[in-house]
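Me: Please take a close look at one part of this model. I would like a helix and its surroundings, followed through to a neighbouring sheet.

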Amino acid sequence: MSVAKRTFDAVIVGAGGAGLRAALQLAESGMKTAVLTKVFPTRSHTVAAQGGVAASLGNSTEDNWHWHMYDTVKGSDWLGDQDAIEFMCRKANEVVVELEHYGMPFDRTDNGKIYQRPFGGHSQHYGKTPVSRSCAAADRTGHAMLHALYQRNVRANTQFFVEWMALDLIRDAEGNVLGVTALEMETGEVCIFHARATIFATGGAGRIYQSSTNAFINTGDGLGMAARAGIPLEDMEFWQFHPTGVAGAGVLITEGVRGEGGILRNNSGERFMERYAPNLKDLASRDVVSRAMTTEINEGRGCGPDKDYVLLDITHLAPETIMKRLPGIREIAIQFAGVDPIKEPIPVVPTCHYQMGGIPTNYKGQVVVPKDGDPNVAVSGFYAAGECACASVHGANRLGTNSLLDLLVFGKSAGETVVEDNLAGNLPLRPLPADAAEYSLSRIARLESQKNGESVFDVGLEMRRTMQKHAGVFRFDNLLKEGVEAILKVAERSKTTEIHDKSKVWNTARMEALELDNLIEVAKATMVSAEARKESRGAHVRDDAPDTPEYPNGRNDNEWLKHTLWYREGNRLDYKPVNLQPLNEGTEQIALAKRTY
């Protein structure tokens, strides 16, 4: 079967914050750039980010990037690479001001500066007191960011391929990445996008869990493609459960609500976070708050008829403050919880929110793999940024508002690196292999020809139930072992899924089957990596790793201060060291310590 081919200097997969920021860097440099996206760019999942973007501007309270770096390393439970974290925190002010100049409608202080609010885990003076660091546009920051970046890309003549799904990476015999195959959703046409450079910005894979704040498009497409192409996935055991998803719906209630003064209460009205984090209370790091809420529920202090949620209370705030700073949150609470937060508290539970792991990259946005004893050898022609990538700046637990910062800093960095590599002559347009599209065509053909197979919905539901039960907020040795066996069985079932609706109008059934292929790879990587890590660190908390003087919070730095690498081939694990050295010689290393708030 002949397959059409389109040729570009660079192809970017994903049009959220990271993809649009990378595209802007490339298009404004004069490189012919294509962006593939399953949805219209301003409907990418960045639109759901509510609370803000972190930057130590110091507009509301004294701040500097050293404190931001300390908070990020501490938040990561020391699994973050300190060179990448320093790079991100140093760049924060630059990219936020740059975004402001693109037309981003940030809220303003009385003197006209960008408004900043407190956020969980962010502090002054190395953990002493809370700081206002989150640059916000009410509670719709991601929405405003996407529109600002999209409009700038339109001006730069970036070429968008809307409602296209990337299928597989194309690599040659030497391992160079030459582009991707992709499916046009409306027609079913498969096309090769041949490029000097390929950037993945495909977002996360939160749909592996039954309860998730993630959109239905968040199916780990970039991770699945990378894994099938032989690229390992890094630190996939670490998933952040956001403390405040609407009970029963999973819709996100931004941490900005607690930043504006919201209080978590149990069924006796107690502000219980004072017992778990006496200094930062409700603004402790997300994993700490999520576990505290789960403990309250498990010990019978939850609210409601089944005592299965806690309450987020902002009734003590002035109605005008809520209407000005949190208008979208009030709307969500009314629509999804049936409560007006001006008058009564919002029922909330921890909900899967963010993937800390991903495709291994360095702070330049280059995808790196172990080779010849070097743990970080760049894959020629391949770059990644945003939630699908692991730089690693989030380590074992991401601080709120560092996600939007990650998109801006590493989207721009990946774009800059591609431009530099191209100018240096390191990105020739290499010839395509003769069978460049055959693997993708065979995957589609399997779906077309499958008879008496299982439905994609049934297999996907079993995958989500398995992940929710075996790899949730708290993790148990026996459940993890059972979870590995269970998810491998689900993976086998996914190989025989059948498309019952074979019409080619919008290819909905095919899309869902292809997305399940990607989700299964992420689910396997998560479960196998989680079972293997015999410690508690950040978002990964095991009941058999108790808090002792030797192992603070159950963390074992002697054996487990290392990144996990999961390979699809053989379902095997490897490891590489965490980089504890900052980027610049003059920057002080953030020394290992017990993580308390």
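Reply: What follows starts with one helix and moves on to a sheet.

The model is predicted. Begin with helix H12, residues 438-449. At 1.5 Å a residue, its 12 residues should span 16 Å. The end C-alpha atoms are 16 Å apart, which agrees.

Which residues of H12 are buried? They are Ser440, Leu441, Arg443, Ile444 and Leu447. Seen down the helix axis, these buried residues of H12 fall within an arc of 160 degrees, so they line one face. The general rule helps here: an α-helix has 3.6 residues a turn, so residues three or four places apart point the same way.

What do the buried residues of H12 pack against? The strands are E7 (164-171), E8 (177-184), E9 (190-200) and E20 (497-498). The helices are H5 (221-228) and H15.

H15 leads to the sheet. This helix covers residues 508-532 and lies across E10, E21 and E22. H15 runs at about 135 degrees to E21.

Those 3 strands form an open sheet in the order E10-E21-E22, with antiparallel pairing. E10 (233-234) and E22 (572-577) are the edge strands, each pairing on one side only.

Now the pairing of E21 with E22. E21 spans residues 562-567, and its antiparallel pairing with E22 runs over 6 bridges. Leu565 stands opposite Asp574 in E22. The two strands form a hairpin with 4 residues between them. In this hairpin, Gly570 takes a positive phi near 80 degrees.

To recap the link: buried residues of H12 pack against H15, and H15 lies across the sheet strands E10, E21 and E22.

Conventions:
Residues numbered from 1 in each chain as written. Predicted model: local features only at pLDDT ≥ 70, side-chain atom pairs only at ≥ 80, totals over all residues. Heavy atoms only, no water. Pairing = 2+ DSSP bridges. Contact = heavy atoms within 4.5 Å. Axes fitted to C-alpha atoms, helices over the stretch in contact; angles between N-to-C directions. Expected span 1.5 Å × (residues − 1). Buried < 20%, exposed > 50% of the residue type's maximum accessible area, 1.4 Å probe, protein only. Arc of directions from axis to C-beta.
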